[in-house]
Amino acid sequence: MNVLVLNSGSSTLKFQLIACDPSPDIPTEEKRLCRGLIEGIGGEAIIEVRAGMRAKQRYTASLPDIAAALDHLIRRISDGSAVEEGRGIAGIHAVGHRVVHGGELFAESALITEDVLRGIEECIELAPLHNPNNLAGIRASRQIFGPDVPQVAVFDTSFHQSIPEHAYLYALPYHLYRRHHVRRYGFHGTSHRYVVNRYGALRGLSKEKIHVITLHLGNGCSAAAIRSGCSVDTSMGMTPLEGLVMGTRCGDIDPAIVSFIAAKERLSIHDVEALLNTQSGLLGVSGLTNDMRVLLQELKEHDDHRVRLAIEIFCYRARKYIGAFLASMGGADSVVFTGGIGENSPEIRARICKGLEWAGLRLDDKKNNLAAGLEGQISTDDSSLHAFVIPTDEELLIASDTVRCVLAGSLSTELGYSSTIEAVRIQ
Ligand code: ADP
């Protein structure tokens with residue numbers, strides 16, 4: 001089954017066309033029929049497409065909205081110019097959409113129906129910047145493909161719906177949870193889930209035996225505590241702002257700082273929130289960039305104090321969360337690194353793990369240095385807390401969920417059930 005995976009942003013459309021087996025395993029690279037990114041939707045957009053193993057193509061086109069961008073992409077796929085020979089539009093059997101927020105409505109991925117669309121709409125108030133764009137992508141895609149191509153929503157939040165009440169509730173007046181659904185949801189769920197599945201496969205462990213801390217360290221960063229293969233806590237909260245230090249987000253701060261900065265800098269609460277999201281983190285502390293690779297290079301060449309501080313704060317916070325989760329989940333077997341930084345930076349992994357020897361984690365320097373973008377164990381064999389690097393693959397997880405939902409949906413229709421939001425609504 002060929003699945004088109006879409007991630008629709010405000011002016012971007014990320015896509016991959018993946019050939020999945022009906023019983024999806026890990027497809028090899030040649031099963032990626034095409035992948036790419038359209039940026040600058042709403043004007044003269046930049047399109048980058050890579051068909052299979054061919055070289056990347058980059059060009060521009062005027063694409064006024066997401067519907068036009070998707071239409072353009074489908075034309076490129078159907079005329080064969082964006083995919084390998086012999087695979088046209090007839091080769092798109094299902095579409096999988098990344099949806100940022102599923103609130104408490106979606107604990108699993110869902111075959112898209114009118115009820116599911118209403119559910120995603122209900123969650124707009126929790127993710128006003130993201131869910132409307134995801135919905136626009138879904139609507140455009142349904143318009144283009146019609147009813148014969150099933151579409152599936154895969155939520156960033158659903159993996160964390162297993163977090164228990166005492167870990168997801170904030171110590172605020174309880175009616176704020178009742179009235180406005182104020183609670184921890186967590187994000188990066190597709191990445192954490194992919195990494196957990198892969199870890200189980202690598203170590204030959206059944207889900208019940210997977211007890212790990214996963215660290216997704218990219219531009220956005222989050223940690224998750226995984227007990228028996230399920231998320232029992234995570235560092236991101238009601239929004240992705242809480243927790244670890246990120247590229248431009250501050251992570252944990254004293255909430256009273258918000259009104260203090262608003263008063264001192266004469267900013268609105270909205271402006272302060274924007275400052276915490278877009279001008280803080282690595283960028284805010286270093287005053288230079290949110291790009292970890294550039295910061296590490298800068299540190300090597302100039303040993304700038306603020307650059308060093310940004311890196312130290314980033315690593316200290318990550319180590320602190322590992323310690324907190326080790327305590328809260330009663331120990332773990334491994335810490336698993338993923339995301340652009342987690343996968344590619346031996347130096348950051350070493351800085352985070354330094355000082356965790358008390359917990360039984362000893363990095364194997366040689367293995368750590370070799371594991372740049374590669375999967376494998378980076379701790380010594382005699383460690384009692386291991387460390388692994390597992391490159392994430394969110395698109396693959398979305399594709400395999402799509403296949404699963406489509407097969408389950410066709411089965412339930414055959415059996416006379418209708419696949420509705422009720423199937424995934426948490427009581
Ligand atoms: P996103 O969260 O936007 O998907 P990525 O997961 O691609 O982002 O992560 C981007 C981050 O990964 C950037 O800070 C980038 O500098 C960092 N990164 C990528 N490669 C390396 C590397 N070799 N060493 C250090 N950092 C790296």
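**Ligand contacts and helix packing**

Author: In this predicted model, a polar backbone atom of Arg293 lies 3.0 Å from an oxygen atom of the ligand. Let us begin there and proceed to the helices.

Reader: Which residues come nearest to the ligand?

Author: Of the 13 residues around the ligand, those that come nearest are Asn219, Asp291, Met292, Arg293 and Gly340.

Reader: What are the distances for Asn219 and for Asp291?

Author: Such pairs are read by asking whether the protein atom belongs to the backbone or to the side chain. For Asn219, a polar backbone atom is 2.9 Å from an oxygen atom of the ligand. For Asp291, an N or O atom of the side chain is 2.3 Å from an oxygen atom of the ligand.

Reader: How should the packing of helix H10 and helix H11 be read, and at what angle do their axes cross?

Author: One takes the axes, then the angle, then the residues that meet. The axes of H10 (residues 292-302) and H11 (residues 305-328) come within 9 Å and cross at roughly 125°. That angle makes H10 oblique to H11, since roughly perpendicular covers 65 to 115 degrees and roughly antiparallel begins over 145. The crossing is left-handed.

Reader: Which residues of H10 and H11 meet?

Author: From H10, Met292, Leu295, Leu296, Glu298 and Leu299 meet Val307, Arg308, Ile311 and Phe314 of H11. The residues of this contact divide into seven nonpolar, no polar and two charged. Met292 thus has two roles to note: it is among the residues that come nearest to the ligand, and it belongs to the contact of H10 with H11.

Reader: How is H10 oriented with respect to helix H13, and which residues meet?

Author: H10 packs with H13 (residues 346-353) at an angle of about 80°, their axes being 11 Å apart. The two helices are therefore roughly perpendicular to each other. Met292, Leu296 and Leu299 in H10 meet Glu347, Ile348 and Arg351 in H13. By class, this contact has four nonpolar, no polar and two charged residues.

Reader: What angle and what handedness describe the pair H7 and H8?

Author: Helix H7 (residues 256-265) and helix H8 (residues 269-278) pack at about 115°, with axes 9 Å apart. H7 and H8 are therefore roughly perpendicular to each other, and H7 passes H8 in a right-handed crossing. Val258, Ile261 and Ala262 in H7 meet Ile269, Val272 and Leu276 in H8. The residues of that contact comprise six nonpolar, no polar and no charged.

Note on methods
Residues are numbered from 1 along each chain as its sequence is written. This is a predicted model: local features need pLDDT of at least 70, side-chain atom pairs count only at pLDDT 80 or more; totals for chains, interfaces and linings use all residues. Side-chain values use heavy atoms; hydrogens and water are left out. Axes are lines fitted to C-alpha atoms, for helices over the stretch in contact, and angles run from 0 to 180 degrees between N-to-C directions. Helices (H or I, at least four residues) and strands (E, at least two) are DSSP runs, numbered from the N terminus. Angles under 35 degrees count as roughly parallel, over 145 as roughly antiparallel, 65 to 115 as roughly perpendicular and the rest as oblique. A crossing is left-handed if the near helix is turned anticlockwise from the far one by less than a right angle, and right-handed if clockwise. Contact means heavy atoms within 4.5 Å. Ala, Val, Leu, Ile, Met, Phe, Trp, Tyr, Cys and Pro count as nonpolar, Asp, Glu, Lys and Arg as charged, and the others, Gly among them, as polar. A residue is near a molecule or strand if one of its heavy atoms lies within 4 Å of it. A polar contact is a pair of N or O atoms within 3.5 Å; within protein, one must be able to donate a hydrogen and the other to accept it, and residues adjacent in sequence count only if both atoms are side-chain atoms.
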